[in-house]
Amino acid sequence: MASLWTFDCIVSLLVVASFGSAGRSPKCHNDAMAPTLLLVFAHPDDETFLAGGTACKYSAEGVTVVLATATGGEAGKAGDPPLCTREELPALRETELRRAAALVGIAELALLGYRDRDLAAAPPDRIREQLVTLIRRCRPAVVVTFDPNGANLHPDHIAISRFASDAVTAAADPRWLPGSGPPHDVGRLAWVPGRRPWQLAREDDMAAHPGVDFVIDVSAWRDRKAAALRAHGTQHQSAERNFFSQPDCDRLLGVELFRQAIGPRLIRRPLDDLFDGLG
Ligand SMILES: [Zn+2]
């Protein structure tokens, strides 16, 4: 699938699954009948922890869900006891990511090829070209990434928020990268709302919390999200700590939260659909 790309910045592109949309091309040649949701995250597993249920829900509704993962997760944990050596970790994490992506209905995965904990030093021109080219080809109605504080202040999370925001605005302007496809206006840029959003999900008044602009009910998909979390086997300690060991695990797995960054004025807060108001 790498031959789809007309430049050599994208390190790897692969179609991982066609899910809930039998007969529809998994390639993100967008059309009016098949809107696209693009997730832009830093590490293998970010997508599942933060938006795995959302990917399931929209994929099942016919949305083409595309994931860009910026790093290989080389600096992450390898499990306890370790599931592999440090040298083997990038390959294992890619395998885990592919499995998880397939489970949550991600139709296309773009691996941007940067090193874990080094994303902030990525050349802005290079990553802009990667993301603008992806956006102009897939033409997403909605893009989701970290908030500008990176949810937990992780420097890679902050960096990908910066790069995604840069690319969303550049993709709409034909003066940027004229060889990277026709301009595209993303309808909405949404952020994960801040620190450990799944903990917000246990609060009875979460809808009153600033930053909670979208509450997505993914309770129908909690088993699928749990399976995707388990697919990231090297990260089992985080999954146990944040979800599976919690007495209200079912509740935590059943809702995902987002904040509006760019988009049409919200008629109320929170809404229950990331595509609300996009026509
Ligand atoms: Zn991360």
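## A tour outward from strand β5

Start by selecting residues 142-145, strand β5, which is covered on both faces: Val142 and Val144 are buried on one side, and Val143 and Thr145 are buried on the other. In a regular strand, side chains alternate between the two faces of the sheet. The model on screen is predicted.

**Neighbours of β5**

Add strand β2, residues 36-41. β2 and β5 run parallel and are joined by three bridges. To find one point of pairing, label Leu39, whose bridge partner in β5 is Val144.

Now add strand β6, residues 188-191. β6 also runs parallel to β5, and four bridges join the two. Which residue of β6 stands opposite Val144? It is Ala190. Keep Val144 labelled: Leu39 of β2 is its bridge partner, and Ala190 of β6 stands opposite it.

**Asp147, past the end of β5**

Move along the chain to Asp147, in the loop between β5 and α4 (150-153). Is Asp147 buried or exposed? Asp147 counts as buried, because 20 C-beta neighbours lie inside 10 Å, and 20 is the number at which a residue is called buried.

Select the contacts of Asp147 next, leaving aside neighbours within four places in sequence: they are Ser161, Trp191, Val192, Pro193, Gly194 and Arg259. Trp191 belongs to the residue range of β6, 188-191, and Arg259 to that of β8, 255-262. Ser161 falls in the range of α5, 155-171. For a distance to check in the viewer, pick the C-alpha atoms of Asp147 and Ser165; they are separated by 9.7 Å, with the two residues 18 apart along the chain.

**The α3 and α5 pair**

Show α3 (124-138) together with α5 (155-171). Their axes come within 9 Å and cross at roughly 55 degrees, which makes α3 oblique to α5. The crossing is right-handed.

To see the contact itself, turn on side chains. From α3, select Ile127, Arg128, Leu131, Val132, Ile135 and Arg136; they meet Phe163, Ala164, Asp166, Ala167, Val168, Ala170 and Ala171 of α5. Colouring this contact by class gives 10 nonpolar, no polar and three charged residues.

**The α1 and α7 pair**

Hide that pair and select helix α1, residues 46-60, with helix α7, residues 222-231. At what angle do their axes cross? The angle is roughly 140 degrees, and the axes come within 9 Å. α1 and α7 are therefore oblique to each other, and their crossing is right-handed.

On the α1 side, pick Thr48, Gly52, Gly53 and Cys56, which meet Arg222, Arg224, Lys225, Ala228 and Leu229 in α7. By class, the contact of α1 with α7 has three nonpolar, three polar and three charged residues.

**Backbone stops**

The remaining selections concern the backbone. Most residues other than glycine have a negative phi, and most peptide bonds are trans.

- Select Asp80 and Pro81. A cis peptide bond joins them, with omega about 0 degrees. Pro81 is in the loop between β3 (64-71) and α2 (89-103).
- Select Arg269 and Pro270. The peptide bond joining this pair is also cis, and omega is about -5 degrees. Pro270 sits in the segment after β8.
- Go to Arg117, in the loop between β4 (108-114) and α3. Its phi is near 70 degrees, a positive value in a residue other than glycine. Arg117 counts as partly exposed because it has 17 C-beta neighbours inside 10 Å.
- Go on to Leu177, in the loop between α5 and β6. Phi of Leu177 is positive too, near 45 degrees. Leu177 has 19 other C-beta atoms within 10 Å, so it is partly exposed; a buried residue has 20 or more.

**The whole chain**

Finish by showing the complete chain. How many helices and strands does its secondary structure hold? There are nine helices and eight strands. Of the 279 residues, 48% are buried. Consider the contacts between residues at least 6 apart in sequence: 79% of them join residues at least 24 apart.

How values were computed
Residues numbered from 1 in each chain as written. Predicted model: local features only at pLDDT ≥ 70, side-chain atom pairs only at ≥ 80, totals over all residues. Buried ≥ 20, exposed ≤ 12 C-beta atoms within 10 Å, placed from the backbone. Pairing = 2+ DSSP bridges. Axes fitted to C-alpha atoms, helices over the stretch in contact; angles between N-to-C directions. Parallel < 35°, antiparallel > 145°, perpendicular 65-115°, else oblique. Left-handed = near helix turned anticlockwise from the far one by under 90°. Contact = placed C-beta atoms within 7 Å. Nonpolar A, V, L, I, M, F, W, Y, C, P; charged D, E, K, R; others polar.
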